[in-house]
Amino acid sequence: MSTPRLSVVVPFYNVGAYIGDCLDSIARQTFTDFEAILVDDGSPDDSAVIAKEFCGQDPRFRIVEQQNAGLGPARNTGVEHATGEYVTFVDSDDLVTRHGFGLLIKALDRTGSDFAAGNARRFNNSYGVRPSWLHAQAFTADRLATHISETPQLVLDRMVWNKVYRRSFWDEYGYRFPAIRYEDYPVTLKAHLDAVTVDTVAAPVYFWRERESGDSITQQKFQLANIRDRVVSAGMVLDEVEDALPAIRHRVHAHFRQIDLHAILSAFGTVPPEEEQHLVELTTELLDRLDEAVLVNSPRLAQLQFAALRSGDLELLHKVALDPEAAEEHLHRTKTDFTLATSVREVTWVDGELSVRGTAELRHLQSRPSSLRIDLVIAGKNHRLPVRRYPASDLRGGTSLVGFEVRVSRELLAKCTAGPSHFDVRLRCGGIRRRDLLRGQKAGSPGWPPGAWIDDTNWIQPGPGTNGALAIRRLADPCRLTAVEQTPEALVLHGRSAFDEPSLFVSRPLSGGEEELPLELRGRDFTARLPIRPILEETNPDDPFSQRTTRAFRMRGPEGREQVLLWTAGDRLVSHAERGRVVMLTRSTGGYVNLHESPIRMTATAAVVAGNMLVVRGPDWGEVDFSWRRYLPDSDDHVDVACRRTVSDDGWAAVVDMAALDPAEWILFATAPDGTAHAVQCEPFLSSRLPLTIQRGPHTLAVRPLAGTLHLEIT
């Protein structure tokens, strides 16, 4: 048998609930020339049974056994048995995207770089899929043949598993993982420093599981043994950057202060008395390694913790860890602390005008009379908006006059351009004046803002602009979908192009590739038939967790003009369910047409209050029971409150008495007859109408989407 190009090292220990899905995601790769070395690290559960069954079904997979030694040594064992030109690592409770290996190897074959790394997503059953904060900072764009000295944000690229390494590079430097937790960073940062060039890919190549129970290594952050290994790992990394370029050294030290030191200081809120002194010693060890220039530029509350640590004031460390907001009230504030904080809480259309509701306040400043001015800035010119102010929840957890609503008239919206128009916020409180763009978009309509026509040819689409600030764009005569018909075999799309002789293409943004849809044209009006069966028969999804594939639509003209197809076809999805899978035509966050194909997961399309009852509705795709679920802290254990389920021609309805729900965060779950359960999805058009806020006595209930699932927060 020929030598495979890629070796995939998969250590496993006590992951019987997850390893099957992990190995299946590897087997589904579009890049097929690989071997998978499964390292049984003395696992006590049935993980090895599942792994051996997989090896029996796919000759590319083989198993290696060893006594339990930990994740790092198990990875080292896997490398010793690997034969490929490239090597990569996968943690056995995670997933890889179907195109991940292929994208990274394609880059390496093109550039000859020492390794390639890609973006990652976090996921679990409660919150669905969402960006990984660290990777979102480092992988903002495709960069071929770069280096950490040119792209210093790669300092944040701590994990080993989102990468493919050239084996000759790995062997040249003799990388080995230490026998500790947090074993990745000492290896990955050294590799970034040793490499001549590396490639980065902005597309997600890896899905990183976040367990509800908090029993993964990185989630056990307050255990003393975990903290000890974290400090040891940090020391190894700090040794590595001792003689690095100043910019890299500074970023590493600042990162440890912001992430690791902050997490360790938080442990003082839960540490048992008999471990206090050990925690003091470990925290001091890391604090003493960090550059003073980084520490003095830390937030004032962090500096208070540093001083308390060095003076041995355990009482203060406990107080700050348990209630940092209360501790902040005792700090002496200067005017530089009073920065402007804004949020966008609701975006709607009212009587033809765009309504934006949010909050504006000064951080750390007690509520007091203030004046607020908000302008819409169009092409550099400010247009003052009428501001209505009202009481709303503030940063201190109370209620004060921080809420506002502005409405933008049709006449002013007509002056907007295709470029983003932003909201300029100015707040004056006494002698303190602050100014910033309106930002801080919350879940619901701020994240899925609805667009609308302001006349026959001009569409207004709110959405994210510069640095995440809320923006407005005017789209003049855009390419758009105007209606959808359903037949048993196809979705029939009707729309209008912005140019003559258009072509319509369907693409998969994550994995690439496109196909052209035949068009029937009547001038610039078009009809396209999208067959359903070929889409349903595609069994290799782009998202390995939700098993969803997303397709986007783009129109092109004969002279190379190109536009993404805008959704203007009403405010409800169009769906077709068949043989356990569903195709949904809907909108994206930016208002464009998306086609999702996935296994059937119940999807909410409406949420309303009827007396004491909260009613959620959606299309009926099968027999399930509904319940609102809350997870117990750091546990897979949960409490369910059952819903009454009804079915009509309009679909299902899940009804619950709100009095049965305690103050907590709840997630709507659907449970199938075989016992499998999943969080109910929140359809984009419902997201654009949320949050739904209900006041019941002293409690506030807010229904909102989080990472694509439906949540209810009761405070």
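# Notebook: a walk through a predicted model

I started at helix α13, where the buried residues pack against α9, α10, α12 (300-311) and α14 (324-328). This is a predicted model, so I keep that in mind for everything below. Helix α13 itself runs over residues 314-322. I looked up which of its residues are buried, and got Leu317, His318, Val320 and Ala321.

**Helix α8**

Next I went to α8, which covers residues 224-240. I wanted to know how its length compares with what 1.5 Å a residue would give. The 17 residues should span 24 Å, and the end C-alpha atoms are 25 Å apart, so the two agree.

Then I asked which residues of α8 are buried. My list reads Leu224, Asn226, Ile227, Asp229, Arg230, Val231, Ser233, Ala234, Gly235, Val237 and Leu238. Asp229 and Arg230 are among them, and I marked both in the margin. As for what covers these buried residues, I noted α7 (184-194), α9 (246-266) and α10 (276-289) as part of the cover. Helix α9 and α10 were already in my notes as packing partners of the buried residues of α13.

**Lys190, in α7**

Since α7 had come up, I picked a residue in it: Lys190 sits in that helix. Is Lys190 buried, exposed or partly exposed? Its relative accessible area is 24%, so I wrote it down as partly exposed; the cut-off for buried is under 20%. Leaving out neighbours within four places in sequence, I found Lys190 in contact with Tyr173, Tyr175, Tyr185 and Glu240. Glu240 is where my α8 range of 224-240 stops. I also checked Tyr175 by C-alpha distance: Tyr175 is 15 residues from Lys190 along the chain, and the two C-alpha atoms are 8.8 Å apart.

**The annotated domain**

I looked at the UniProt record, an unreviewed entry, and it labels residues 7-170 "domain: Glycosyltransferase 2-like". In the model, that span is 32% helix and 29% strand. The C-alpha atoms at its two ends lie 12 Å apart.

**Cavities**

How many cavities of 30 Å³ or more does the structure hold? I counted 2.

The largest has a volume of about 70 Å³. Around it I listed Ser546, Arg548, Val582, Met584, Ser598, Pro599, Arg601, Thr603, Trp621 and Gln681. Strands β32 (581-587) and β33 (593-599) each give at least two residues to that lining. By type, the lining splits into 4 nonpolar, 4 polar and 2 charged residues.

The second largest cavity holds about 50 Å³ of space. Its lining is made of Thr88, Phe89, Val90, Val96, Phe101, Leu104, Trp161, Asn162, Lys163, Val164, Val205 and Tyr206. The elements giving two or more residues here are β4 (86-89), α4 (100-111), β9 (163-166) and β10 (198-209). I sorted this lining too, and it came to 9 nonpolar, 2 polar and 1 charged.

**Two strand residues**

I then looked up Ala528, which is in strand β27 (residues 525-531). Its relative accessibility is 1%, so Ala528 counts as buried. Apart from residues up to four places away in sequence, Ala528 touches Leu491, Val492, Leu493, Leu504, Leu517, Pro518 and Leu519. I also took its distance to Gly42: the two are 486 residues apart in sequence, with C-alpha atoms 56 Å apart.

Asp625 was my other pick, in strand β37 (residues 625-631). At 52% relative accessibility it counts as exposed, because the cut-off is over 50%. With residues up to four places away set aside, Asp625 touches Phe669, Ala670 and Thr671. Asp662 is 37 residues from Asp625 in sequence and 20 Å away, C-alpha to C-alpha.

**Backbone oddments**

Last, I went through some loops. Asp351 has a positive phi, near 50°, and is not a glycine. I placed Asp351 in the loop between β11 (340-350) and β12 (353-362), and its relative accessible area of 74% makes it exposed.

Ala379 also has a positive phi, about 50°, without being a glycine. It is in the loop between β13 (371-378) and β14 (381-384). At 69% relative accessibility, Ala379 counts as exposed.

Which two residues does a cis peptide bond join? I found Leu690 and Pro691, with omega about 10°. Pro691 lies in the loop between α17 (684-687) and β44 (692-696).

Key. Residues numbered from 1 in each chain as written. Predicted model: local features only at pLDDT ≥ 70, side-chain atom pairs only at ≥ 80, totals over all residues. Heavy atoms only, no water. Helix = DSSP H or I, 4+ residues; strand = E, 2+ residues; numbered from the N terminus. Expected span 1.5 Å × (residues − 1). Buried < 20%, exposed > 50% of the residue type's maximum accessible area, 1.4 Å probe, protein only. Contact = heavy atoms within 4.5 Å. UniProt positions renumbered as here; feature names shortened; annotations may be inferred. 1 Å grid on protein atoms, 1.4 Å probe; cavity = no way out; pocket = protein on both sides within 12 Å on 5 of 7 lines; lining within 4 Å. Points joined across faces, edges and corners; volume = space filled by probe spheres on them. Nonpolar A, V, L, I, M, F, W, Y, C, P; charged D, E, K, R; others polar.
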